[in-house]
Amino acid sequence: MQVRQLGRWLHRRAENVLAGLLGVMFFAFMVQIVFRYFFNFPTGWTTELTVVTWLWMVLWGAAFVVNEREEIRFDLLSGAVGRRTRIAMGLVAALALVVLYAASLPATYDYVTFMKVERSSYLKIRIDWLYSIYLFFLVAVIARYLWLLWDLVRGKAPEEADPTTTSSAL
């Protein structure tokens with residue numbers, strides 16, 4: 001029970017980080033609008049900060065906030081097959097993702113650490129710090145799909161698509 005509580009607490013803190021990043025991005029965006037359109041003085045640092053926070057938001061959210069059910073997926077095929085076929089399809093997909101992401105991890109680490117020699121244009125932040133989020137994303141996705149792979153090997157089928165709960169977002 002203690003591990004589950006810790007997991008929920010960490011998930012809430014990850015959501016807090018995501019909300020903070022959204023706040024920083026919104027602030028930078030508003031400063032950019034005010035300076036550009038009211039003072040006719042465009043600022044580059046606001047654009048750079050907006051791009052960096054957007055990058056961190058997307059990868060942080062995908063790694064630590066979005067759960068398996070909330071991910072975007074094309075379940076037209078998996079929704080039309082039976083339980084055993086869904087397990088087999090899930091095994092193939094999870095194994096492929098683990099292998100591909102794990103194979104890319106060493107080269108990604110080398111590239112990100114190599115980028116310590118570069119700095120961002122306006123904020124002068126080391127590029128390896130800015131892109132380090134991708135390493136966290138890779139490790140989190142590998143761990144998530146290893147967990148999913150373990151569930152699939154034990155016979156737990158991926159959730160069936162429920163057409164009554166999906167929406168067209170219109």
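In the predicted model, the second largest pocket holds about 200 Å³ of space. Its lining consists of A62, V66, E71, I72, L97, Y101, F137, V141, R144 and Y145. Two elements, α3 (83-114) and α4 (127-153), each give two or more residues to this lining. The largest share, four residues, comes from α4. By residue class, the lining of the second largest pocket comprises eight nonpolar residues and two charged ones, with no polar residue.

Helix α3, one of the contributors to the pocket lining, has 32 residues. The distance from the first C-alpha of α3 to its last is 46 Å, close to the 46 Å expected at 1.5 Å a residue. A bend of about 35° is nevertheless found in α3 at L105. A proline, P106, follows within four residues of the bend. The buried residues of α3 include R86, I87, G90 and A94, and V98, T108 and V112 are buried in this helix as well. The cover over the buried residues of α3 includes α4. Helix α4 thus appears in two settings: in the lining of the second largest pocket and in the cover over buried residues of α3.

Backbone geometry was examined in two of the loops. Most residues other than glycine have a negative phi. N40, which is not a glycine, has a positive phi of about 50°. This residue lies in the loop between α1 (2-38) and α2 (44-65). N40 counts as exposed because its relative accessibility is 66%, and the cut-off for exposed residues is over 50%. A positive phi, of about 60°, is also found at K124, again not a glycine. K124 is located in the loop between α3 and α4.

Contacts were also examined for Q32, a residue of helix α1. Q32 has a relative accessibility of 15% and therefore counts as buried, given that buried means under 20%. Leaving aside residues up to four places away in sequence, Q32 touches T43, T46, T47 and T50. For one of these contacts, that with T46, the C-alpha atoms of the two residues are separated by 5.7 Å. Q32 and T46 are 14 residues apart along the chain.

Methods. Residues are numbered from 1 along each chain as its sequence is written. This is a predicted model: local features need pLDDT of at least 70, side-chain atom pairs count only at pLDDT 80 or more; totals for chains, interfaces and linings use all residues. Side-chain values use heavy atoms; hydrogens and water are left out. On a 1 Å grid over the protein atoms alone, a cavity is a set of points where a 1.4 Å probe fits but cannot get out, and a pocket is an open set with protein on both sides within 12 Å along at least five of seven lines; lining residues have an atom within 4 Å of a point. Grid points are joined across faces, edges and corners, and a volume is the space filled by probe spheres set on the points. Ala, Val, Leu, Ile, Met, Phe, Trp, Tyr, Cys and Pro count as nonpolar, Asp, Glu, Lys and Arg as charged, and the others, Gly among them, as polar. The expected span of a helix is 1.5 Å times one less than its number of residues. The bend at a residue is the angle between axes fitted to the seven residues ending there and the seven starting there. Buried means under 20% relative accessible area, exposed over 50%, partly exposed in between (1.4 Å probe, protein chains only). Contact means heavy atoms within 4.5 Å.
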